[in-house]
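Reader: Before I trust any labels, I'd like to see the model itself. Can you put it up, and then we'll go through the terms?

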Protein chains: 2
Amino acid sequence: MTVDKAALLEARGIKPSAQRVAIADYVLHTDEHPSADEVWARVKRVFPMVSRATVYNTLNLFVAKGLLRHLVLTEGRLVFDSNVDQHHHFIDEETGKIYDLPWDTLEVSRVEQLKGFEVRDYQVLVRGRKRPTRGAR
Amino acid sequence: MTVDKAALLEARGIKPSAQRVAIADYVLHTDEHPSADEVWARVKRVFPMVSRATVYNTLNLFVAKGLLRHLVLTEGRLVFDSNVDQHHHFIDEETGKIYDLPWDTLEVSRVEQLKGFEVRDYQVLVRGRKRPTRGAR
DNA sequence: TCTAATTTTAGACTATGTCTAAGAGGTGAC
DNA sequence: GTCACCTCTTAGACATAGTCTAAAATTAGA
Ligand SMILES: [Mn+2]
Ligand SMILES: [Mn+2]
Ligand SMILES: [Zn+2]
Ligand SMILES: [Zn+2]
């Protein structure tokens, strides 16, 4: 797994330092939409000496290289998303958790006809409450 | 205008102090989606002694009373929206400016059928570049 | 091995928002 | 009109998130 990550970073022109691989190992896998400080806390469990600056630098580097997106969806939290394909988001207003909604679960009409705006990207932002999942998880 | 604003505040159970009316005079009118500090800067032009805490308190009070919404759409900026009706937003990625898109310019299908989610509210978030408006403005 | 470039580090700094404690202002009882 | 009480405003402290800096550590190449 760690080897795969090193190769993936190199493919994007990123030198795979131990810190960067440790960060990649968590953040490129998760569907949790973590904040930078959540990534820091998590990575410290396996790499206690890693600094806050390195985590922030690395996350911004991953965004610049297209491995991550960052989203600003909830108050005071810049959040990282390992799903770089187009998709929508659901925000649970009680827990603050962010869930991915696959692109084709929703359909938006007339976006391309917006007068006076050159559209580069769009998504639907849904807020509400996630129903408890019975059974699995 | 100021008289109207005082009456509007009273109708929502807000005592119309001079500071609150001055803040309302700007923020309940504008379509600029200003941040709290932008509101502060603006209000100081007509009310130089108003404090930062009062502006923040007042904006949060207006939100609690339903006169304003706050949006978290762009990096590091909690922004206030005097349009409390349901509508979509367009974000100009060059300027950071936020534009309202009236509710019926776009249509979203299948939101209500989302499995496992209780939907309370949604909007489409469009990013891109606003085309220069020729003619007016 | 020596050198130069890159990366990491701790902590300072900035920006945005909240909280606190004191004072000012308004309102009603008398 | 005075007083007491309550609300509101104020300055500044505090909190949190993110960026920047300068020095140390690491890496890679000559
Ligand atoms: Mn963060
Ligand atoms: Mn602000
Ligand atoms: Zn996502
Ligand atoms: Zn709006």
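Author: What follows is a chat about the labels used for this model and the cut-offs behind them. It's a predicted model, where local features need pLDDT of at least 70, side-chain atom pairs count only at pLDDT 80 or more, and totals for chains, interfaces and linings use all residues. Residues are numbered from 1 along each chain as its sequence is written, chains are lettered from A and ligands numbered from 1 in the order in which they are written, and side-chain values use heavy atoms, with hydrogens and water left out.

Reader: What makes Asp81(B) buried or exposed?

Author: Buried means under 20% relative accessible area, exposed over 50%, and partly exposed in between, using a 1.4 Å probe and protein chains only. Asp81(B) comes in at 2%, so it's buried.

Reader: And what is Asp100(B) called, and why?

Author: Its relative accessible area is 27%, so Asp100(B) goes down as partly exposed.

Reader: Which atoms are called donors of the zinc ion (ligand 4), and how do you know?

Author: A donor is an N, O or S atom within 2.8 Å of the metal (3.2 Å for Na, K and Ca); water is not among the atoms, so sites may look incomplete. Here His33(B), His87(B) and His89(B) each offer NE2, while Asp81(B) and Asp100(B) each offer OD, and these lie 1.9 to 2.4 Å from the zinc, so they qualify. Along the chain, the spacing reads H-x47-D-x5-H-x1-H-x10-D.

Reader: Which residues are closest to DNA strand C, and what makes a residue near?

Author: One of its heavy atoms has to lie within 4 Å of the molecule or strand. There are 16 residues around DNA strand C, with Ser17(A), Ser51(A), Thr54(A), Arg52(B) and Tyr56(B) the closest. Of the strand's atoms within 4 Å of the protein, 72% are sugar or phosphate, and the rest belong to bases.

Reader: Why is the Arg52(B) pair with DNA strand C called a polar contact?

Author: That takes a pair of N or O atoms within 3.5 Å; within protein, one must be able to donate a hydrogen and the other to accept it, and residues adjacent in sequence count only if both atoms are side-chain atoms. A side-chain N or O atom of Arg52(B) sits 2.7 Å from a base nitrogen of DNA strand C, so the pair passes. For Ser17(A), the partner is a phosphate oxygen of that strand, 2.3 Å from a side-chain N or O atom.

Reader: What about DNA strand D and Arg52(A)?

Author: A base nitrogen of DNA strand D is 2.7 Å from an N or O atom in the Arg52(A) side chain. Ser51(B) uses a backbone N or O atom instead, 2.9 Å from a phosphate oxygen of DNA strand D.
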